[in-house]
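Ready for some practice in reading a protein model? Work through the exercises below, and try each one yourself before you look at the solution.

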Amino acid sequence: MNSIKATYLKWKSKLIAGFSIALIAVALLNIYYVLEVRVTSNDECLWIPKKINKDSTAIFFDLVKVEGVSWNAGIRNGYQLLMINGEFLNYTLQAQDILNRVKGGEYADYLVKKPDGEIVTTKVYIKKLIQYGSLANSLSALFWMLIGFIVLTAKPEGRTHKLFYALGVFAVFTSMAVLMQLDYRIIDHVKEQPVFSFLISSIWVIGISFVGPTLLNFFWNFPRPFKFAEKLWVRRTLFIVPAICSLLIITMLVLIFGYYILPMRNFYLFIEWYGNFIMAVNAVALISLIVQYRRIKNKEQRKPIFLIIVAFIFGIAVAVYASKIAPAITDTIFNSPEYYAPIVLVALVPLIFGYAIFRYQLMDVSVVIRNTIMYGAATLTLAAIYFFVVYVAGQGISSALGVENQGIIAGIFFIIFAIVFQSTKNRFQDFLTKRFYPEQFAHQRVLMELSNELATVVGLDNILELMKKTFVDALNINKFGILIRDKDNNLSLTKCVGINEECIITSSNIAHFLKERTLITKNPAIEQADFKSVFPDMADKLIEEEIYTVIPMIINNKIVGLLLFGLKYSGSHFAGKDIELLWAAANQAAVSIENARLYDTEAQKLKIEQDLDTARKIQESLLPACIPQIRNLDICGEMIPAMQVGGDYYDLLPVNGSDSKLFVIIGDVSGKGLAASLYMTKLQTMVQFACTADSSPKEILVEINKRIYSEIERNWFITMSIAYFDLEKKTVKFCRAGHMPLLTAENGTVQSHRTQGIGVGLEKGEIFEESLIEQELSLKPGQIYAFFTDGITEAMNEQHDLFGEDNLSSILKDKSTSRSNDIMQEIWNKINSFRGSAEVNDDMTMVIIKVN
């Protein structure tokens, strides 16, 4: 069973997509049937069956439209219809079936009998009448289905998302009535195609039975669930009642058309009663939506709900008009179809729903919309520009070079366009995000900055305080909490805003939940709808505290804590790209928290083990064997390990043996020991291959991250800085990936260069590349460039004070005339003096470059 469930979860998204495409195709088929197959022939009058004797019934004309097609054919009220196209008539449905075979714009032969007994033949011009009610249902179903599919794609596990999608499914089911041939030969049709008839009618019955209760259930949970709607008996009732009604109606259809036990009027009576019941359900749904609107205090959050209320009332008004008002002001639909056409406006209801959802980013659709509409439109625009450029330029150049070269010209333009597009793609995506989704853009920037800062903060309290300040102040979140696993293995609330501090989770099913959910998505979030199953003891408490999203902090497959989030400032949930960014921040926070908690014990472990001896040799072999000779640069590099092997690494790579171009690389693997040294080995190999003359520091970091992401454990990461010294251009290009800043000293002042960027191996590619900023500096004589790891500034004394960046800067401040070796030695002396008898708590690595 577990393997079946795992397979289902793995293929769930594809199954939903396939099912949705099939239903969209059915909705389109329904529209085709309404417009082409189920159109009714119209002769602009009404046929009235009247008994002419005890055993026979005749068809008489009534309400013949003046100047209509029957009127122009000489037919008047009271004439009797005997034959159409040579076929004798017994029933009005039979007559309509015969007339429906005549194409629109053609003439039908009518044999009619006048009141004076004269029998005449006349030709009647035939019009075609669309079933506006069926068209409205089919169009609405298509729109509900399309919007529902987009909403479900945004968050496949969301309860309201599932309900909205179900609404689209049942709307399509309801519109499938048009596929049935409902005429006087319906019994024959059932006999001829029993399986098809039973299948379509059953689906239609399920649709009309469930669409109302599903709408009601949706409004009880959207935008925020009522407490009673969370109760199990309420959910079961909303399923059981329509299910029973479906069974009753299907049974009735079988008894009527299968066994001929019940008369048709019983079916019509039941449908009429059930129609009234559905109207009552819709009224309750509208009242529920109005109550939801009044529950919301924020004016901005009220706007989309108000739009939905207006759409709902508009749909009810159109339906009332078509069913009550139009018949009262017209004689018959055959004479005045235009009065019934407004029923098609019901199709605007799902469109207004969709506008409210997409415009105000309800139900977490912002990511789907950005990816499908914005980038789709942008891609079409770029494609149009490309073809325009190719055409205009091609025409001009080919006129000069000849038509035979058009293919070559088009190819050249394509390559140029592809290069330009690739180089500007990320900036273009940033522009779209900033322009159309400013809140998401702000969140992205803030979370990237948090990831950078976490790598430089020491101490559990400092880490937690930084996270709290970032999420609460920078993201304007009113509800936020951090739960950390304590020594009793409970998850206790350590930092919070707007949450009761007594929140403790003693038992949970997080691991099982994540195992299942990772089959669907790489970054699963625990949503409010999942609280009952994941946190059985604390679900009600979390819901009461208005927590909507929970992100786990995981390291080595161990949950070290949880991040609790309320709603965003806009009132919407975190979703899509937000969740990816929160996961990236949570992963780095987990590493930082775990490192902080294990700091004291890790410093004492594995100091003399044999594998660390081997690791030490590996590490020593990775460091530069000698300092390269680069003209006008005085270079010095050194690493002092905290134990037999650490996670620090640096390298000095001249470009193609040049004495004027040099790459400086410094990094810090998050772990320690043999594993860290092995990662350093891989890192050095990748760096040496990537550092070529035509590569910039940013490009090198991007390439290394792509290669190492699939190989590095998820609880590991690497901080790195790369600088490219070009003595010919007298420039330095610098880029850092979550590493310590670059310090530059010149004319008695020290400057700290903190370009942004997250650690290598934390994210596969897109977010990592977008986070990196490359800086270019001018080389001047007397400048000092100091590259270092966090072991320098975080060196501690017996009182646990940090050496700090200020002390380091003060040493560099007035050393413009000193040699790099002398500067380096003074730094080590000052650190040793500051540390006293305290042990070295982390590797200390530094590269000093003095410009002569």
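**Exercise 1.** Find helix H16 in this predicted model and work out which strands it lies across.

*Solution.* Start at residues 510–517, which make up helix H16. Now look at what the helix crosses: E10, E12, strand E13 (549–555) and strand E14 (558–565). Last, check the direction: H16 runs at about 85 degrees to E14. There's also helix H19 (residues 577–597), which packs on the sheet and touches strand E9 (480–485), E13 and E14. The direction of H19 makes about 45 degrees with that of E13.

**Exercise 2.** Write down the strand order of the open sheet and pick out its edge strands.

*Solution.* Go across the six strands one by one, and you get E11-E10-E9-E14-E13-E12, with antiparallel pairing. The edge strands, E11 (504–505) and E12 (526–527), each pair on one side only. Take the E11 end: strand E10 (residues 491–497) pairs with E11 over two bridges, and Leu 491 sits opposite Ile 505 in E11. At the other end, E12 and E13 are joined by two bridges, with Val 550 in E13 as the bridge partner of Ile 526.

**Exercise 3.** Zoom in on E13: how many bridges link it to E14, and is E13 largely enclosed or open?

*Solution.* First, follow the antiparallel pair E13 and E14, which has seven bridges. One spot to check is Thr 549, standing opposite Phe 565 in E14. Next, look at the hairpin: there are two residues between these strands, and Asn 556 takes a positive phi near 55 degrees. Finally, the burial: six of the seven residues of E13 are buried, so this strand is largely enclosed by the rest of the structure.

**Exercise 4.** Decide for Phe 788 and for Val 320: buried, partly exposed or exposed?

*Solution.* You'll need the cut-offs: buried is under 20% relative accessible area, exposed is over 50%, and partly exposed is in between. Phe 788, in strand E23 (residues 784–788), has a value of 1%, so it is buried. Its contacts beyond four places in sequence include Ile 666, His 739, Leu 808 and Met 846. Phe 788 is also 9.2 Å from Tyr 650, C-alpha to C-alpha, though the two are 138 residues apart in sequence.

Val 320 belongs to helix H10 (residues 299–329). Its value is 37%, so Val 320 is partly exposed. On the surface, Val 320 joins Ile 316, Ile 325, Ile 329 and Tyr 339 in a nonpolar patch, with about 400 Å² of accessible area together.

Technical notes:
Residues are numbered from 1 along each chain as its sequence is written. This is a predicted model: local features need pLDDT of at least 70, side-chain atom pairs count only at pLDDT 80 or more; totals for chains, interfaces and linings use all residues. Side-chain values use heavy atoms; hydrogens and water are left out. Patches are made of residues with over 30% relative accessible area and no salt bridge: like charges are joined within 9 Å, nonpolar side chains (Val, Leu, Ile, Met, Phe, Trp, Tyr) within 5 Å. Accessible areas come from the Shrake-Rupley method with a 1.4 Å probe; for residues, only the protein chains shown count as cover. A salt bridge is a side-chain nitrogen of Lys or Arg within 4 Å of a carboxyl oxygen of Asp or Glu. Helices (H or I, at least four residues) and strands (E, at least two) are DSSP runs, numbered from the N terminus. Buried means under 20% relative accessible area, exposed over 50%, partly exposed in between (1.4 Å probe, protein chains only). Two strands pair if DSSP finds at least two bridges between them. Contact means heavy atoms within 4.5 Å. Axes are lines fitted to C-alpha atoms, for helices over the stretch in contact, and angles run from 0 to 180 degrees between N-to-C directions.
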